[in-house]
Amino acid sequence: MKQLSNLDLSNNRISNLDEHSRFQLEKVYKVNNNFSIDISGNPLKCSCDTIDFIKWMSTTKVRIHNKHKTSCLTSHGNFESLLNPNRVFKKLQKECSSYSSLIVGTVASLVVFLFILIWGICYRNRWRLRYMYYMVKNKYQVQNKGNYNNDSQYEYDAFVSYDNNDRFFVHDKLLPCLEREAELKLCIHNRDFLPGNDIAANITSAIHNSRKVVIMMSHNYLDSYWCMFEYNMAKVESIYSRNKENILFLVFLEQMSPRDLPMMVLELVQSSSYIEYPNDEFGDTVFWNKLKEVLSQ
């Protein structure tokens with residue numbers, strides 16, 4: 001219908017002209033510059049969904065009859081005259097940009113909130129997640145080797161967690177007294193860890209396979225990353241795998257004030273058993289007897 005000169009669409013139920021319709025009208029106008037339309041008396045809508053149609057009305061060269069009788073219904077329930085469609089378009093543009101900014105801002109805020117929430121949950125449970133990861137990894141490796149055993153008996157009486165700077169006390173005093181005299185089986189990292197396995201996997205496996213965990217507490221211990229890793233893995237083991245059974249036993253190798261201890265260690269000191277190494281003849285006897293008693297239970 002390229003020879004069409006006038007299209008009367010008045011008094012129908014048209015809410016807007018879609019992109020395809022507008023494109024066809026522009027094609028007709030290119031052939032016939034006198035082409036005009038009449039869309040008065042229709043329930044036209046002025047909203048963010050029809051903003052392209054209102055923009056077209058303000059920019060098209062197609063003549064629009066009866067503009068003074070043409071109006072549209074806004075999202076607020078008001079009628080706007082389309083005698084000056086450019087004014088209506090600019091008004092809609094502001095409203096829609098604010099609405100879009102609100103949506104973008106809300107979505108962005110929600111994404112940030114969810115990210116912070118998930119990060120907070122992961123951070124709060126970071127030691128549990130790491131423990132679970134290494135336990136699953138250890139079990140998978142053992143199953144692949146064909147040595148998996150679901151026996152509940154522990155391989156070691158105790159895992160000894162200590163800093164390398166305190167190794168002389170462990171090797172020269174602790175091991176002879178507890179292994180030779182008390183016949184306890186201890187696990188220490190430089191002797192019993194499996195070569196080839198990563199350190200974290202060895203630690204979690206050793207703690208899981210030991211009835212108790214003996215912490216040789218010192219300033220050196222607090223400064224060591226791997227010592228604090230062992231401490232936190234032992235706490236997670238006691239809470240989630242041993243039904244909150246107290247498996248940690250603190251041995252203070254030197255005098256330490258409460259302000260020297262981090263909160264997580266101080267909580268254990270206040271709620272659980274600990275003993276200080278006396279370094280005198282009579283005190284040594286009481287110390288070793290107490291340690292043997294605890295680890296033999």
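The crossing of helices H9 and H10 is left-handed, and in this predicted model the axes of H9 (residues 225–241) and H10 (residues 263–271) come within 12 Å of one another at a crossing angle of roughly 50 degrees. Helix H9 also packs against helix H7 (residues 199–208), with axes that come within 10 Å and cross at roughly 40 degrees. Beyond these helix contacts, the briefing covers salt bridges, of which a search of the whole structure finds six, and several individual residues.

**Helix H9 against helix H10**

- With a crossing angle of roughly 50 degrees between their axes, H9 is oblique to H10, because the angle falls outside the ranges that count as roughly parallel (under 35 degrees), roughly perpendicular (65 to 115) or roughly antiparallel (over 145).
- On the H9 side the contact is made by Met228, Tyr231, Asn232 and Lys235, and on the H10 side by Met264, Val265, Glu267 and Leu268.
- Sorted by class, the residues of this contact between H9 and H10 comprise five nonpolar, one polar and two charged.
- Asn232, which lies in helix H9, has a relative accessibility of 7% and therefore counts as buried, the limit being under 20%.
- When neighbours within four places in sequence are left aside, Asn232 is in contact with Trp127 and Met264, and Met264 is also one of the H10 residues that make the contact between the two helices.

**Helix H7 against helix H9**

- The axes of H7 and H9 cross at roughly 40 degrees, which makes H7 oblique to H9, and the crossing of this pair is right-handed.
- Helix H7 contributes Ile199, Ala200, Ile203, Thr204, Ile207 and His208 to the contact, while helix H9 contributes Trp226, Phe229, Glu230, Met233, Ala234 and Glu237.
- The residues of the contact of H7 with H9 divide by class into eight nonpolar, two polar and two charged.

**Salt bridges**

- Lys292 and Glu181 form a salt bridge in which the closest N and O atoms are 3.3 Å apart, and this pair links distant parts of the chain, with Lys292 in helix H11 (residues 281–296) and Glu181 in helix H5 (residues 167–181), 111 residues apart.
- Within that pair, Lys292 counts as buried because its relative accessibility of 19% is under 20%, whereas Glu181 counts as exposed because its value of 57% is over 50%.
- The side chains of Arg87 and Glu80 meet in a salt bridge with an N to O distance of 3.2 Å, and these two residues are linked with Lys91 in a network of salt bridges.
- Glu80 counts as buried at 12% relative accessibility, while Arg87, with a relative accessible area of 40%, is partly exposed.
- A salt bridge also joins the side chains of Asp192 and Arg191, again described by an N to O distance, here 3.2 Å.
- Both partners of this bridge are partly exposed, Asp192 having a relative accessible area of 22% and Arg191 a relative accessibility of 41%.

**Ser71 and its surroundings**

- Ser71 lies in strand S5 (residues 71–74) and is partly exposed, with a relative accessible area of 27%.
- Although Ser71 and Asn42 are 29 residues apart in sequence, their C-alpha atoms are 8.0 Å apart in space.
- Once its neighbours within four places in sequence are left aside, Ser71 is in contact with Asn42, Leu44, Phe79, Glu80, Ser81 and Leu82; among them, Glu80 also takes part in the salt bridge with Arg87.

**Positive phi outside glycine**

- Asn11, although it is not a glycine, has a positive phi of about 55 degrees, and its place is in the loop between strand S1 (6–8) and helix H1 (19–31).
- With a relative accessible area of 62%, Asn11 is exposed, since the limit for that class is over 50%.
- Asn66 likewise has a positive phi, near 55 degrees, in a residue other than glycine, and Asn66 lies in the loop between strand S4 (63–65) and S5.
- Asn66 counts as partly exposed at 27% relative accessibility.

Key. Residues numbered from 1 in each chain as written. Predicted model: local features only at pLDDT ≥ 70, side-chain atom pairs only at ≥ 80, totals over all residues. Heavy atoms only, no water. Axes fitted to C-alpha atoms, helices over the stretch in contact; angles between N-to-C directions. Helix = DSSP H or I, 4+ residues; strand = E, 2+ residues; numbered from the N terminus. Left-handed = near helix turned anticlockwise from the far one by under 90°. Contact = heavy atoms within 4.5 Å. Nonpolar A, V, L, I, M, F, W, Y, C, P; charged D, E, K, R; others polar. Salt bridge = Lys/Arg side-chain N within 4 Å of Asp/Glu carboxyl O. Buried < 20%, exposed > 50% of the residue type's maximum accessible area, 1.4 Å probe, protein only.
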